[in-house]
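Here are some exercises to work through with the model open beside you. Try each task before you read its solution.

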Amino acid sequence: MPTITISRELGSQGRQIAENTAQALGYHFMDKRAIGEVMKEYGLVEFHDEYEIAPSFWDIFDAHRMERRADMINMLNKVILALAQHGNMVILGRAGFAVLRDYADVLNVRIQAQQEQRIAFVMADENITGLEQAKTYIRDNDQNRTSFIESFYGVKWDQASAFDLVINTSKISPEMVTNFLIAAARKLEKKQKPSVRVAA
């Protein structure tokens, strides 16, 4: 039962692709809201803020906060592993690719786009009117995601080798990407392989 993880740059239409792929396949769709609800059940109500906001220099010296962050990451890993074990999942963001990078029946996908397209999409989607404000919004988002992934998983968020597939939606339409992911998932389904770790 395959799982698709989708890591996307803000403004690359990765969410649209993930939602459409899950719907077409009849898979469960898990995003930050759904995963956050699971985390809340374990009392980790601040997980969203910890993920979205990079720790400051002084936070590093706050042993209690760093221990709390480590507990959250441990629980996040368990949640994502449980979702993959269930199978038939599309997991959007939340370090899914880093947690499941060694699993044979998981397709790790990165969706990216050129800066101009990202700015245009973010301005429309977030109702941002200023060009510089949109650039800053994107830059801050990228930095926070990069900090989170590198700090806790030791991989670069934008490192192509961390993914099975990297697609630029400035050149390939979201519809084409969705159709490709559907075909790839169907092929994985036919293999009927269990979730077994493979040698790196």
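Buried means under 20% relative accessible area, exposed over 50%, and partly exposed in between (1.4 Å probe, protein chains only). The model is predicted, so local features need pLDDT of at least 70 and side-chain atom pairs count only at pLDDT 80 or more, while totals for chains, interfaces and linings use all residues. Residues are numbered from 1 along each chain as its sequence is written, and side-chain values use heavy atoms, with hydrogens and water left out.

**Exercise 1.** Decide whether glutamine 133 is buried, partly exposed or exposed.

*Solution.* Start by placing the residue: glutamine 133 sits in helix α7. Helices (H or I, at least four residues) and strands (E, at least two) are DSSP runs, numbered from the N terminus. Next, take the relative accessible area of glutamine 133, which is 48%, so the residue is partly exposed. As an extra step, find isoleucine 119: 14 residues separate it from glutamine 133 in sequence, and the C-alpha to C-alpha distance is 9.6 Å.

**Exercise 2.** Work out how α6 is oriented relative to α7.

*Solution.* Two packed helices are described by the angle between their axes and the distance between the axes. Axes are lines fitted to C-alpha atoms, for helices over the stretch in contact, and angles run from 0 to 180 degrees between N-to-C directions. For α6 (residues 115–125) and α7, the angle is about 105 degrees and the axes are 9 Å apart. That makes α6 roughly perpendicular to α7. The classes are roughly parallel for angles under 35 degrees, roughly antiparallel over 145, roughly perpendicular from 65 to 115, and oblique for the rest.

Now look for contacts, meaning heavy atoms within 4.5 Å. From α6, Gln115, Arg118, Ile119, Val122 and Met123 meet Leu131, Ala134, Lys135, Tyr137, Ile138 and Asp142 of α7. Sorted by class, this contact has seven nonpolar, one polar and three charged residues. Here Ala, Val, Leu, Ile, Met, Phe, Trp, Tyr, Cys and Pro count as nonpolar, Asp, Glu, Lys and Arg as charged, and the others, Gly among them, as polar.

**Exercise 3.** Repeat the analysis for α1 and α8.

*Solution.* Helix α1 (residues 14–25) packs on helix α8 (residues 174–191) at about 45 degrees, with the axes 9 Å apart. That makes α1 oblique to α8. On the α1 side the contact includes Ile17 and Leu25, and on the α8 side Val177 and Leu181 are among the residues involved. The full set divides into eight nonpolar, four polar and two charged residues.

**Exercise 4.** Find the largest nonpolar core and say which element gives the most to this core.

*Solution.* A nonpolar core is a set of buried Ala, Val, Leu, Ile, Met, Phe, Trp, Tyr and Cys residues joined through side-chain atoms within 4.5 Å. The largest one has 26 residues, and Ile35, Phe97, Leu100, Ile149 and Tyr153 have the most contacts inside it. At least two residues each come from α2 (32–41), α4 (63–86), β3 (89–92), α5 (96–99) and α7 (131–153). The most come from α4, with seven residues.

**Exercise 5.** Where is asparagine 108 placed, and is this residue buried or exposed?

*Solution.* First, asparagine 108 lies in strand β4 (residues 106–112). Second, its relative accessibility is 2%, so asparagine 108 counts as buried. Third, leaving aside neighbours within four places in sequence, asparagine 108 has contacts that include Thr5, Phe97, Leu100 and Phe163.
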